[in-house]
Amino acid sequence: MSDMDWHTKVPVECIDCGHEVVTDFDSIRARKTLTCGSCGTSFHIFDVYDMYYEEEPLVKNCIDFILKYVNQPYKIESNDNTSREAVEEFLTKIGFAKLSERMFNDLVKYGDSYLLIRRDHDGKEIVELEPLEPKAMHIVLGEEIRRGIGWTGEREILEFVRKTEQGEDRLKPADVVHIKKREYTRYEPYGESVIRITLKYIHYLRTSGAGARAAGAQWWINYLENWICLGIGVPPILLESNLTKFPKAIVEMASISFIGTINRLHWSTRPLARQVFSEIIKSRNLPEVPRLEWQSLNPTKILRESGFNFMDEMKLWKQLLDLHIITEEEYREAISRYKED
Ligand SMILES: [Zn+2]
């Protein structure tokens, strides 16, 4: 393998026989079908993600840790109460709190979540958002979009094609909300799974882990596991069973980095407002498209759930108050972050 190959080639495993199948980032980005040179089985890169999630406890732990924290309570924000209530009512009716679980599951594991917009029989009102199987979806791209005199790099979406047992469903872009996890500033038609960047490390762990362990090279396993956690977006320390044996400041720093992972996932859900909320607002002649806001995670919440308490910090702030170094208001603000939500 040349140096260039090392950076672009990605070895994975056949989901049937375990034989090594070499792919590359571009093929993964284009969702190309993989074919095993040994047994001839064709499979999707998402099948590999599923296999690694099922078979590698570390991958499962990292992803489950993200899923545990990402589905936060949401709020609908608008300056106009009627607009806000219309959207709130709709989301309650379709059971969005439950649907969002599925949406985040797909977004984290595969990088893409697709929701089919179902309307009533005259096509006027949205009545349901139906999650579609990400693996079955293919995006047909058109021309590059031009804004003014500049090319944006972004491509027009002509249609979403859904593979079914009977054949194919061709879906209009207006009927599908595509939520994707973005990792690059440049345009990408598909999103990026949290697993993608760690594929090589997972492969090495599976192919060389046992040998390294037998040879006493635990450092190699530690190195790979560290990169798998960081690649997925979970600082390894947060997966430790007893976090209180570490300094609180270290755990807090790790939590802040992890919250960055969660925030980026929350930002990915903006197409919901752009497509679904705006249609609801327009169909009812309401003035403002509301925003979807997920409750932001506070590092102290993660610390508290890990067994830390903040008695010392609260005592210090109380002393500052008693010495009249801070005001009552500053005191209340300072300790509010240590309180339960
Ligand atoms: Zn095979």
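**Legends to close-up views of a predicted single-chain model**

**Figure 1. Confidence along the predicted chain.** In this predicted model, helix H1 (residues 3–8) has the lowest confidence in the chain, with a mean pLDDT of 66, whereas helix H3 (residues 45–55) has the highest, at 98. The average pLDDT over the chain is 93, and 98% of the residues reach a score of at least 70.

**Figure 2. Overall extent and domain division of the chain.** The secondary structure consists of 13 helices and 12 strands. Along the principal axes, the C-alpha atoms occupy a box of roughly 75 × 70 × 40 Å. Domain 1 covers residues 44–305 and domain 2 covers residues 309–341; their C-alpha centres are separated by 36 Å. Of the 341 residues in the chain, 24% are buried. When contacts between residues at least 6 apart in sequence are considered, 58% of them connect residues at least 24 apart.

**Figure 3. The largest nonpolar core, with Ile-66 and its contacts.** This core contains 57 residues, among which Ile-66, Val-108 and Ile-232 touch the most other members. Helix H4 (residues 57–70) supplies the largest share of the core, namely 6 residues. In soluble globular proteins, nonpolar side chains tend to be buried together. Once neighbours within four places in sequence are set aside, the contacts of Ile-66 are Val-108, Val-194, Gly-233, Val-234 and Thr-261. Val-108 thus appears both as a contact of Ile-66 and among the residues that touch the most other core members.

**Figure 4. The surroundings of Tyr-52 in helix H3.** Tyr-52 is located in helix H3, the helix with the highest mean confidence in the chain. Tyr-52 is classed as buried because 24 C-beta neighbours lie inside 10 Å, the threshold for burial being 20 or more. Apart from neighbours within four places in sequence, Tyr-52 is in contact with Val-59, Ile-195 and Ile-202. Val-12 is 40 residues from Tyr-52 in sequence, and the C-alpha atoms of these two residues are 9.9 Å apart in space.

**Figure 5. Leu-58 in helix H4.** Leu-58 belongs to helix H4, the helix that gives the largest share of the core. Leu-58 itself is partly exposed, because 19 other C-beta atoms lie within 10 Å and burial requires 20 or more. With residues up to four places away in sequence excluded, Leu-58 touches Glu-225 and Ile-228. Glu-328 is 270 residues from Leu-58 in sequence, with a C-alpha to C-alpha distance of 46 Å.

**Figure 6. The hairpin of strands E6 and E7.** Strand E6 (residues 112–119) and strand E7 (residues 126–132) run antiparallel and are joined by 6 bridges. Within this pairing, Arg-118 has Glu-128 in E7 as its bridge partner. The hairpin has 6 residues between its two strands. In the turn, Gly-123 adopts a positive phi of about 70°.

**Figure 7. Helix H12 and the residue His-324 that follows.** Helix H12 (residues 311–322) has 12 residues, so at 1.5 Å a residue its expected span is 16 Å. The C-alpha atoms at its ends are 16 Å apart, in agreement with that expectation. After H12 comes His-324, which has a positive phi near 60°.

Notes
Residues numbered from 1 in each chain as written. Predicted model: local features only at pLDDT ≥ 70, side-chain atom pairs only at ≥ 80, totals over all residues. pLDDT = per-residue confidence, 0-100. Helix = DSSP H or I, 4+ residues; strand = E, 2+ residues; numbered from the N terminus. Core = buried A, V, L, I, M, F, W, Y, C linked by C-beta atoms within 7 Å. Buried ≥ 20, exposed ≤ 12 C-beta atoms within 10 Å, placed from the backbone. Contact = placed C-beta atoms within 7 Å. Domains from an automatic or database assignment. Pairing = 2+ DSSP bridges. Expected span 1.5 Å × (residues − 1).
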